[in-house]
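Opening a fresh page for this one. I'll jot down what I look up as I go, in no grand order.

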Amino acid sequence: MAHPTHEGLVRGIRRWDLVAMAVNGIVGAGIFGLPSEVFGRIGVYSLFAFAACSLVVVVIILCFCEVGSRFSETGGPYLYAREAFGPLVGFEVGWLIWVARLTAFAANCNLLVGYLSFFWPAASANPWRPAIITSVVVLISLVNILGVRDAAIVSNFFTIGKLIPLVLFIAIGLFLIQPERYSLGLAPGYGKFSSSCLLLIYAFSGFEMAIIPAGEARDPRRNLPFALLTAVGVVAVVYMLIQVVCIGTLPELATSDRPLADSATTFLGAAGGAIISAGALVSIFGNLNVILLAGSRLPFAMAERSELPQFIGSVHQRFRTPHVSILITAAVMLALTLSGTFVYAATISAIARLLTYAASCAALPVLRRRERELPALFRAPAGVALAVIALLLCAWLLANSTTRQARDASIAAAIGLLIYFIYRLRRGRR
């Protein structure tokens, strides 16, 4: 085993492991469930929504590349916000990222059961649904506790496993599309298009999961920018082509619960639907593994800086993993999954992510003024202007959340503040 870092962890994540983690973080359940949801809202204009989201995420990622190239510890956006704006803002950002990971896990695990029901209809009904969800959470928790290298290998395996059926879907489907299905018709209103982009952020985000465990990555300051830009380039092309195939081959796209599987069934028969459904299961399971890996490092990083109880920052003596934080995160994920639904959880997760993305982008100009203290190994082109554009794009998307979604996200943020001040008060009394 490699020598532990000052955090007690091991740097077992390599450059291409980071690429696989970023791809795994982005390509999860969203692309298997959202093409029909977005098409139902804005029709063929959903292609423009996919393109718009690709550009938004690229701008945000460029900011992350520069800011992230200054740090080599665990925490990602939590660490960036803490360094730029102080412990309170840092804790709140870390808390919201953790909430985003929890809700993303709940959304994706529910969709996992939905795709499993393609092969086994009883999977989505009691008592099998809670049993399946519990088994998935327990298995992923064990993998993550046994070692970060094991978790990275599992991530690599599932990244390859999820891309093969998607590439097959695109390669065959592009030759069978019907051009008349791309008639644009009446343009959707501003509100519908913007809310569709907000929902799609869920499918395009998740790249930050490769950043959070930087304390367990080799040379993260150099490797993270490469991993993020490589991953988003691959994902953007794959997503656009998937939506093209779905629109061109599935007349009932707007009402489909499993759009890729139903689309594949139209041009490959039952075997096509089975292949895509199996691919979805592989994709979602791999994504769940990365979500737990990254999500569990946030309470660990906060405990390391005395913002949460010290026992949460415990490292397993044999496996060198934050086992207590993994178990706590997994338990909350299990509870949310058993009580949640896909689309609503996906939207709440997107709102929480956008708030944390905005904080990281705002950190760029602040940290540039501290270049001597925290030098960057990657420089974003027109960095300050890029950060301003990223903040405006985040504000545009957030402005299109509903009152209920904004309320629930605000409640989650308020709970984080309450925990922060309660723990600080207790520490002060001690």
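**Glu66 and its neighbours**

I started with Glu66, which is buried because its relative accessible area is 0%, under the 20% cut-off. This is a predicted model, so I'm reading every value here as computed from it. I placed Glu66 in helix α3, residues 46–68. Then I listed what Glu66 touches, skipping residues up to four places away in sequence: Leu364, Arg368, Ala376, Phe378, Arg379 and Ala380. Two arginines, Arg368 and Arg379, are among those contacts of the buried glutamate.

**Cavity search**

Next I went looking for enclosed space. Rolling a probe the size of a water molecule over the atoms shows where empty space is left. How many cavities of 30 Å³ or more does a search of the whole structure find? I got one. The largest cavity holds about 70 Å³ of space.

I pulled the lining of the largest cavity and got 14 residues. Nearest its centre are Gly25, Asn108, Tyr202, Asn287 and Arg353. By class I have seven nonpolar residues, six polar and one charged in that lining. I also checked which helices contribute: α1 (15–26), α5 (87–116), α8 (190–204) and α11 (270–304) each put at least two residues into the lining of the largest cavity.

**Nonpolar core**

In soluble globular proteins, nonpolar side chains tend to be buried together. Here I found 141 residues in the largest nonpolar core. Which of them touch the most other members? My list reads Ile60, Phe169, Phe207, Tyr239 and Ile242.

I picked Phe207 for a closer look. Leaving out residues up to four places away in sequence, Phe207 touches Ala22, Ile26, Val57, Ile60, Ile61, Phe64, Leu228 and Tyr357. Ile60, one of those contacts, is also on the list of core members with the most partners.

**Helix α2**

I ran the length check on α2, residues 30–42. Its 13 residues reach 17 Å from first C-alpha to last, close to the 18 Å expected at 1.5 Å a residue. Is α2 mostly covered or mostly open? Mostly covered, with ten of its 13 residues buried. The buried ones are Gly30, Ile31, Phe32, Gly33, Leu34, Pro35, Ser36, Val38, Phe39 and Ile42. Gly43 follows α2, with a positive phi near 65°.

**Backbone oddities**

Most residues other than glycine have a negative phi, and most peptide bonds are trans. I went through the exceptions I had flagged.

- The peptide bond from Asn126 to Pro127 is cis, with omega near 5°. I found Pro127 in the loop between α5 and α6 (128–145).
- Arg320 isn't a glycine, yet its phi is positive at about 55°. Arg320 sits in the loop between α11 and α12 (323–339).
- Ala382 also isn't a glycine, and its phi is positive, near 50°. I put Ala382 in the loop between α13 (342–368) and α14 (383–398). Ala382 counts as exposed because its relative accessibility is 57%, over the 50% cut-off.

**Last look: Phe421**

Phe421 is in helix α15, residues 403–429. Why do I log Phe421 as partly exposed? Its relative accessible area is 47%, so it falls between the 20% and 50% cut-offs. I also took one distance: the C-alpha atoms of Phe421 and Ile291 are separated by 27 Å, with the two positions 130 residues apart along the chain.

Note on methods. Residues numbered from 1 in each chain as written. Predicted model: local features only at pLDDT ≥ 70, side-chain atom pairs only at ≥ 80, totals over all residues. Heavy atoms only, no water. 1 Å grid on protein atoms, 1.4 Å probe; cavity = no way out; pocket = protein on both sides within 12 Å on 5 of 7 lines; lining within 4 Å. Points joined across faces, edges and corners; volume = space filled by probe spheres on them. Helix = DSSP H or I, 4+ residues; strand = E, 2+ residues; numbered from the N terminus. Nonpolar A, V, L, I, M, F, W, Y, C, P; charged D, E, K, R; others polar. Expected span 1.5 Å × (residues − 1). Buried < 20%, exposed > 50% of the residue type's maximum accessible area, 1.4 Å probe, protein only. Core = buried A, V, L, I, M, F, W, Y, C linked by side-chain atoms within 4.5 Å. Contact = heavy atoms within 4.5 Å.
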